[in-house]
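Q: I'm new to this one, so could you pick a single spot and take me through it up close? After that, I'd like to see how it fits with the rest.

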Amino acid sequence: AVHFYPHRYLDYSALKPISRLQYGEEVTVIGTIRETRLHQAKGGRIKIVRSMIGDGTGEIECSWFNQAWLQKQLRVGLQIQVSGRADMYLGKLVFANPEWEELDQDALHTGRIVPVHKLTKGIGSKGMRRLMHTIIQSSLPCIHDPVPRELRERLDLSGLQDALYQVHFPKSQEGLNEARRRLAFDELLILQLG
C-alpha cells in the first residue's frame, strides 16, 4: 500500500487573506464562519449549503452541492481552513465545493500540497487521504532502507522512509522532488541488480 502513489497533486500551500484573492487562483484561506444556510434548487432535487467565511480583511461565500449534512458541521463561529479555486459568480469571488477542515486539526486536505489518489467505489478523496495517512504512519517504522547511509550522503539522496512520506504527503515542492528522485534511484537500482 505504501507504493500506491498519488497520481497528481493539488497545490493549496499558498495562504492568502480574502481581500487579496484573485480569480482562478488555487489557494487556502483561514477564516471564521459568519453564516451557514441551506438552499434548495430545481424543485428541491439539488441542495446547496452556503457558508460565508470572514478573516477580518473580507468575506467569501463557499458553496457545497448535495452535501446537506454540512449545514450542521459548518457552525457559525467555527474557524476553518478552506482550499480551492477562486471562481466568479454574479460578479463576486466564491469557492465552489472547496476542501475544508477545522483549523485545529492536522491538515491533510487544505493548506498544503494535497495528494490525489485514484479512487475505488465507496471511498471518496478525503477518505482515501485519511486511509493512506494511517497506512503510511503505521508502516514507515517497519521499512528498512537498503541503501547504506554513507552512499545516500555521497549521492545526496533522502532516506527511504522520508521519501515515502514526502511522496504521499509532501511538505513542499522541494521535498516532493527529492522524494521522487530517491524513488527513481531505487527503481533504477533494482533494474541494474536484475
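A: First, a bit of vocabulary: helices (H or I, at least four residues) and strands (E, at least two) are DSSP runs, numbered from the N terminus. Keep in mind that this is a predicted model, where local features need pLDDT of at least 70, side-chain atom pairs count only at pLDDT 80 or more, and totals for chains, interfaces and linings use all residues. Residues are numbered from 1 along each chain as its sequence is written, and side-chain values use heavy atoms, with hydrogens and water left out.

Now for the spot: let's look at threonine 36, which sits in strand S2, residues 26–41. Threonine 36 has a relative accessible area of 16%, so it is buried (under 20%; exposed is over 50%, partly exposed in between, with a 1.4 Å probe and protein chains only). Its side chain has a polar contact of 2.7 Å with the side chain of serine 51. That term covers a pair of N or O atoms within 3.5 Å; within protein, one must be able to donate a hydrogen and the other to accept it, and residues adjacent in sequence count only if both atoms are side-chain atoms. The threonine 36 side chain also reaches the backbone oxygen of leucine 74, again at 2.7 Å. Skip the neighbours within four places in sequence, and threonine 36 is in contact (heavy atoms within 4.5 Å) with Val49, Arg50, Ser51, Gln71, Leu74 and Val76.

Let's zoom out. The chain has eight strands and five helices, and along the sequence they run β-β-β-β-α-β-β-β-β-α-α-α-α. Of the 194 residues, 40% are buried. The C-alpha atoms fill a box of roughly 65 × 35 × 25 Å along the principal axes. If you take contacts between residues at least 6 apart in sequence, 55% of them join residues at least 24 apart.

Strand S1 (residues 8–11) shows one such link along the chain: it pairs with S8 in the antiparallel sense over four bridges (DSSP has to find at least two bridges for a pair). In that pair, arginine 8 stands opposite valine 116 of S8. Over in S8 (residues 113–116), Ile113 and Pro115 point one way, Val114 and Val116 the other, and all are buried.

Those two strands turn up again around helix H4 (residues 160–168), where seven of the nine residues are buried, among them Leu160, Leu164 and Tyr165. What covers them includes S1 and S8, along with helices H2 (125–139) and H5 (173–193).
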